[in-house]
Amino acid sequence: MTQAKPPSNFQSEIQTLSNQLQRLHILVDVARSIMAEIGLDSLLGLIMESVTKVMVADRSSLFLIDHKSNELWSRVAQGAAEIRLPLGYGVVGDVALSGKTANIADAYLDKRFSQDFDKKTGYRTKSILCMPINNVRGEIIGAIQVLNKLDGQSFTQNDEDLLSAFSSLAGISIENARAYEELEKERNSLEIKVRERTKDLESAKKKSDELLLNILPEETAEELKTFGKATTKAYDMVTVLFTDFKGFTMVAETMTAEALVQELDLSFAYFDEIVGRLSLEKIKTIGDSYMCAGGIPIPNASNPLDVILAAMKIQAYMEKNAEMKTKMNEPYWELRIGIHTGPVVAGVVGKKKFAYDIWGDTVNTASRMESSGAPGKINISGSTYDYAKDYFECTYRGKVKAKNKGAIDMYFVERLKAEYSKDKKGRIPNKKFLQVLQDLQKKPVQNPLSEKV
């Protein structure tokens, strides 16, 4: 008795699933290579090579936005040295401007984008799939597109999901490569200046000053150079932030030591960027915990709002990273953030290796805000809430028991209030809120009290 053959459509579905699995394996394999590439041109070429292969397409292209000229540019489109297009022109320009995905089954039948196709070239563009590329802050930085499926079919929803994973990966990788390029430019510029200077005492002094400013606030470093010591100072209003990765040990056990350090460095480097941009002071990292503060060493009245803004930007980055890791079927860390506002004492400790640090019950309470919080949430104390309540939407959690602190009023920060927000999610401040910050920064704050070291 002969065994019945499975229906042909069943075999077709099995083949489709097999193809999708194979493409997913390729995506996972190339993801690490893409994340490790730091040269922008090499990175763009690697992305295009991988996209064309995984999407089983005839060709692909990636354009980035040049905001200065309001143009799109590419050095990897159709193998050209460089192409420039007006922002909004054609499929890729429209996607980069609108942020909406374009999946076109037959380009010649789509009159909206007819200007993209030139019959004189002899190349028949039929199917197009084009998506925007966003950075970790959700800003559109370009667009990626693939042309003509090799099997002659149109691009499917599975193709869209796959290209979306590439788009997320490209957004993070391109931003990292650009940051590295800027760092290299600054480093090269500094090296040129150093070579031009004579190797005298003045040059040596300059280098030591730069090193000192790397580990100490400028005001403290100047005091240390001038007097040979730095006084501790008491501040009445400082906002302290702590972060901690949930499940760090469990995820770390699945990674090599090298990959673990690279992942931590990537996250903390981004935190440093946000902290610097908002004029906060990084205090230290302790294992997988990150600590910073606002309102020191120069007092200001805006520090509770500055720190909450930094926390929101950090959480947005972690959410984007989790989304990308999920698409690549890789483990990821979730982040708890705790914030408290109150008095602290700040100063320099150590004689051989200086360290700027802060002490006081405010620091302990901020740490409890983090440990009493929840993954993906920003947990603030009642003290910080009093400063933030007019500008942020917060959820009252009640009096929550904190270790060695008793019951404390705690709130989850949900978003900026609509009247102070530029986006629907309430994460990007508008001009009205920025004006509030400027006004608060001009507001006089009691000067810190100096104490003997």
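Start with a helix pair: α9 and α12 pack with their axes 10 Å apart, at an angle of about 140°. The two helices are therefore oblique to each other, since an angle has to be over 145 degrees to count as roughly antiparallel. Keep in mind that this is a predicted model. Both helices come back below, as contributors to the lining of the second largest pocket.

**The α9–α12 contact**
- On the α9 side, the contact is made by Leu305, Asp306 and Leu309.
- On the α12 side, Phe433, Val436, Leu437, Leu440 and Gln441 do the job.
- Sorted by class, the contact of α9 with α12 comes out at six nonpolar residues, one polar and one charged.
- Glutamine 438 also sits in helix α12, and at 40% relative accessibility this residue counts as partly exposed.
- Glutamine 438 and serine 302 are 136 residues apart in sequence, yet their C-alpha atoms are 8.1 Å apart in space.

**The second largest pocket**
- This pocket holds about 1,100 Å³ of space.
- It is lined by 38 residues, and the closest to its centre are Arg137, Lys313, Arg427, Ile428 and Pro429.
- Three elements give two or more residues to the lining: α8 (257–277), α9 (303–327) and α12 (431–442).
- Of these, α9 gives the most, with nine residues.
- The lining of the second largest pocket is a mix of classes, with 15 nonpolar, nine polar and 14 charged residues.

**Backbone oddities**
- Look at the peptide bond from isoleucine 296 to proline 297: it is cis, with omega near -5°.
- Proline 297 belongs to the loop between β9 (289–294) and α9, so that cis bond leads into a residue of the loop joining those two elements.
- Asparagine 148 isn't a glycine, but its phi is positive, at about 60°.
- You'll find asparagine 148 in strand β6 (residues 140–149), where it is buried with a relative accessible area of 11%.
- Serine 279 is another residue other than glycine with a positive phi, near 60°.
- Serine 279 is in the loop between α8 and β8 (281–286), and at 58% relative accessibility it counts as exposed.
- The cut-offs behind those two labels are under 20% for buried and over 50% for exposed.

**Three buried residues and what they touch**

The contacts in this group leave out residues up to four places away in sequence.
- Serine 267 is part of helix α8 and, at 2% relative accessibility, counts as buried.
- The residues that serine 267 touches are Phe245, Tyr317 and Met318.
- Leucine 85 is in strand β3 (residues 83–86) and is buried too, with a relative accessible area of 18%.
- Around leucine 85, the touching residues are Phe63, Glu71, Leu72 and Val92.
- Serine 74 is 11 residues from leucine 85 along the chain, and their C-alpha atoms are separated by 9.0 Å.
- Asparagine 135 is a loop residue, placed between β5 (128–134) and β6, and it counts as buried at 2% relative accessibility.
- Asparagine 135 touches Ile141, Gly171, Glu175 and Lys320.
- Leucine 169 lies 34 residues from asparagine 135 along the chain, with 9.5 Å between the two C-alpha atoms.

**The chain as a whole**
- The chain has 12 helices and 15 strands.
- Of its 453 residues, 45% are buried.
- Among contacts in the chain with a separation of 6 or more, 63% are between residues 24 or more positions apart.

Key:
Residues are numbered from 1 along each chain as its sequence is written. This is a predicted model: local features need pLDDT of at least 70, side-chain atom pairs count only at pLDDT 80 or more; totals for chains, interfaces and linings use all residues. Side-chain values use heavy atoms; hydrogens and water are left out. On a 1 Å grid over the protein atoms alone, a cavity is a set of points where a 1.4 Å probe fits but cannot get out, and a pocket is an open set with protein on both sides within 12 Å along at least five of seven lines; lining residues have an atom within 4 Å of a point. Grid points are joined across faces, edges and corners, and a volume is the space filled by probe spheres set on the points. Helices (H or I, at least four residues) and strands (E, at least two) are DSSP runs, numbered from the N terminus. Ala, Val, Leu, Ile, Met, Phe, Trp, Tyr, Cys and Pro count as nonpolar, Asp, Glu, Lys and Arg as charged, and the others, Gly among them, as polar. Axes are lines fitted to C-alpha atoms, for helices over the stretch in contact, and angles run from 0 to 180 degrees between N-to-C directions. Angles under 35 degrees count as roughly parallel, over 145 as roughly antiparallel, 65 to 115 as roughly perpendicular and the rest as oblique. Contact means heavy atoms within 4.5 Å. Buried means under 20% relative accessible area, exposed over 50%, partly exposed in between (1.4 Å probe, protein chains only).
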